[in-house]
Amino acid sequence: MGQIEWAMWANEQALASGLILITGGIVATAGRFTQWYFGAYSIAAGVLICLLEYPRGKRKKGSTMERCGQKYLTAMVKLFGPLTRNYYVRAVLHFLLSVPAGFLLATILGTVCLVIASVIYLLAAIRGEQWTPIEPKPKERPQVGGTIKQPPTNPPPRPPVEVRKKPSVGEEEAGTAGGPQVNPIPVTDEVV
Amino acid sequence: MLEEEEEEEVLVEEEEEEEEEEEDSNNKSLDLRSVSEHIGWERRTLQSFVTTAGNECKCPLVTDASFNCGKGDYHLEVGLCLSRASASVLNLNCSLILLPMCRTLLAYLRGSQKVPSRRTRRLLDKSKTFHITCGITICIFSGVHVAAHLMNALNFSVNYSEDFPELNAARYQNEDPRKLLFTTVPGLTGVCMVVVLFLMVTASTYAIRVSNYDIFWYTHNLFFVFYVLLLLHVSGGLLKYQTNLDTHPPGCISLNRAQSQAASTPDYIAEHFHGSLPEGFSKLEDRNQKTFVKICLEEPKFQAHFPQTWIWICGPLCLYCAERLYRCIRSNKPVTIISVIHHPSDVMELRMVKENFKARPGQCPTETKATFGVHFKVVGDWTERFRDLLLPPSGQDSEILPFIQSRNYPKLYIDGPFGSPFEESLNYEVSLCVAGGIGVTPFASILNTLLDDWKPYKLRRLYFIWVCRDIRSFQWFADLLCMLHNKFWQENRPDYVNIQLYLSQTDGIQKIIGENYPTLNCRLFIGRPRWKLLFDEIAKCNRGKTVGVFCCGPSSISKTLHNISNRSNSYGTRFEYNKESFS
């Protein structure tokens, strides 16, 4: 249990609680329960929580899976700076949002789940975790021709003039092997 | 993670629904119209509408024609029937969800001769997916169940019936429904179950499992609490049925009270009441149809239903508990660590021995050797601590530390072996095994088995593809591969094993595995494999045969392989895809 990042679990819980609040709120307002305005509140609170919790924070170690389409909400959530970065603020916010929904039967489960999420966020905040946005990696353009520098200025090295000239006739006769084969190493005929 | 396989059937169908009746109070006129409607996946065959003039609300009622529901005056709401319907689905799924987790049983079934068909064995591969499907179904229908019961709680308190206090869950008129929720046994256990389910489900998402497996593991063990609460939840005796239907049939008129219904259910009564009728019944001619008006002989009596959930749950729960007990006992003896080897790219090999250890190929390296080994890659905090316990930080540079150095190894317990789909690769005539990185370990045991003796198995040709990012990773099993290759060359079967190694990342300088692995060096390709070409080549060389495809690696590779395996090719070769998922 050494390096568990509680914030990630709290984030999943808060997102699920938001959805439960929305569902409970819809049941309450559609069924026209008494005090149905709590149901309307719970829909609004649920939507706010879902928007806040949808972008997943970055893990300390390793790669984080993004939720699909989260980069737009990341930009919005990033704007609030320390209010959204700090998990103490989130814990308190979730706790306060959950209280009014507890008065209505249809949304009471949303309250319970959100309170649990708020407790886990508090635990994460005590352990010093923070919400860091997942930045999109800048696209590395393939460096085509990056290593191609200036063309060489000097001609390639050539051997000196004397060697380049063709050898004289005398040297030629001695060099080539015109006669019979001369073995550099003495060869014996091995006949058994 | 859900993958649709043609053999998999998602069992979300409901079973028959209970009927419940609740007598209505007086001064309500009933006008029952029965409308037949076939609701596809629920298999309901009848839907009838009840209007109660007193309450002036129209409430649809879902019933099952096999139970003679809808006979008489009663106060039914949609909430009651929705909650009962969803409870039936929950019963089924809560009992089925435990079965794929009996891993020892599944391993036994996989290996035994009682399951000869390959198709059935491949169904066992899908056990984790089935478990997840059942879990999601439980969540959805719990939501429906809770919503329906919330409406019921409200209706119980608002429509409290003075005449039949036994039937009502509320204790007095307009009792606060929240009090109903928290002070009754079903209500309290229901709320606790939702909380437990919430904790379990939020910790079971893919992202959490991949990043913090501990949270998933510890919260998932709360399932036991969930089941205990479920068994208590249904013991409240909330649902009742009428015991004296013959003396007080539905739709009968009580002579004490005022006329409760003018026209009762002509269709129902005509259908269900044939033959001779007991005394006290008189015929009335009404609308050119014969209707029968019954007179009540005595007051209705009610009794609580036997909790059906207990019957559903107890079987699988007992089976699962027995299996856990067996696994606990089996893994009680610690293993003896023989050697610890540190491989490049953060992989550790642990060789150990355990008494009474039996394993099949594909589960662990070979049956004949007494020792078995485990390879693991150091990725997270648990594996890091494990490595530090096995090797001192200073000694991590050296390759092998023999046991005689009197190291203080931790006490190690292992649970298993469990079956895996890779056992099946020896039962195909031609197999294609694709490994990605550390995913090669299940195939290592297959290769070890072939090294011992290949003749008893059906396998005659093995294509072994291993894709790695780092060239030093190939050294984990380089010796094994070379030995296998040499063995088959000696036995004059050079085409038995076809090895292809791929280095997917090309920015390293080192391009060969090592000086002493010439066979592997010439089988090393730089870049990712081109699967379509590979499959075409295998198809061409094995025309008309069935090739088993096994993949253990990242999901992108396995998806690609799955797609290509399902496509037809012009050589008549069939590719059967087998996969095990690990996350």
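**Exercise 1. Place B:N578 in its surroundings.**
Which residues is B:N578 in contact with, leaving aside its neighbours within four places in sequence?

*Solution.*
Step 1. Set the cut-off: contact means heavy atoms within 4.5 Å.
Step 2. List the partners. Neighbours within four places in sequence aside, B:N578 touches B:R122, B:D125, B:Y428, B:V549, B:F550 and B:C551.
Step 3. Find the element. B:N578 sits in strand 18 (residues 574-579) of chain B. Helices (H or I, at least four residues) and strands (E, at least two) are DSSP runs, numbered from the N terminus.
Step 4. Check the accessibility. B:N578 has a relative accessible area of 1%, so it is buried. Buried means under 20% relative accessible area, exposed over 50%, and partly exposed in between, with a 1.4 Å probe and protein chains only.
Step 5. Look for a polar partner. The B:N578 side chain reaches the backbone oxygen of B:E576 at 3.4 Å.

A note on the basis. The model is predicted: local features need pLDDT of at least 70, side-chain atom pairs count only at pLDDT 80 or more, and totals for chains, interfaces and linings use all residues. Residues are numbered from 1 along each chain as its sequence is written, chains are lettered from A and ligands numbered from 1 in the order in which they are written, and side-chain values use heavy atoms, with hydrogens and water left out.

**Exercise 2. Do the same for B:Q500.**
Is B:Q500 buried or exposed?

*Solution.*
Step 1. Read the accessibility. The relative accessible area of B:Q500 is 15%, so this residue is buried.
Step 2. Place it. B:Q500 belongs to strand 15 (residues 497-503) of chain B.
Step 3. Find the polar contact. The side chains of B:Q500 and B:Y502 make one at 2.6 Å. A polar contact is a pair of N or O atoms within 3.5 Å; within protein, one must be able to donate a hydrogen and the other to accept it, and residues adjacent in sequence count only if both atoms are side-chain atoms.
Step 4. List the contacts. Beyond its neighbours within four places in sequence, B:Q500 meets B:F464, B:I465, B:W466, B:R523, B:F525 and B:L534.

**Exercise 3. Describe chain B as a whole.**
How many helices and strands are there in chain B?

*Solution.*
Step 1. Count the elements: chain B has 17 helices and 18 strands.
Step 2. Take the buried share. Of the 583 residues in chain B, 50% are buried.
Step 3. Sort the contacts. Among those in chain B with a separation of 6 or more, 71% join residues 24 or more positions apart.
Step 4. Add the surface. Chain B exposes about 29300 Å², and carbon and sulfur atoms supply 56% of that area. The Shrake-Rupley method with a 1.4 Å probe gives these areas; for residues, only the protein chains shown count as cover.

**Exercise 4. Analyse the interface of chain A and chain B.**
Which element of chain A gives the largest share of the side that touches chain B?

*Solution.*
Step 1. Count the residues: 27 from chain A and 28 from chain B take part.
Step 2. Take the area. The two chains bury about 2500 Å² between them, 76% of it on carbon and sulfur atoms. Buried area is the accessible area (1.4 Å probe) that two parts lose on being put together, summed over both.
Step 3. Look for polar pairs. The rule finds two residue pairs in polar contact across the interface, both at pLDDT 80 or more.
Step 4. Name the elements. On the chain A side, helix 1 (6-30) and helix 6 (108-126) each give two or more residues. Helix 1 of chain A gives the largest share, eight residues.

**Exercise 5. Examine two salt bridges.**
Which residue forms a salt bridge with A:R90?

*Solution.*
Step 1. Set the rule: a side-chain nitrogen of Lys or Arg within 4 Å of a carboxyl oxygen of Asp or Glu.
Step 2. Find the partner. A:R90 pairs with A:E53, and their closest N and O atoms are 3.2 Å apart.
Step 3. Locate both ends. A:R90 lies in helix 5 (residues 87-101) and A:E53 in helix 2 (residues 37-53) of chain A, 37 residues apart.
Step 4. Check burial. A:R90 is buried at 1% relative accessibility, and A:E53 is buried at 0%.
Step 5. Turn to chain B. B:D415 and B:R330 meet in a salt bridge at 3.9 Å, N to O. B:D415 is partly exposed at 37% relative accessibility, and B:R330 is partly exposed at 22%.
Step 6. Widen the view. B:E323, B:R327, B:R330 and B:D415 form a network of salt bridges.
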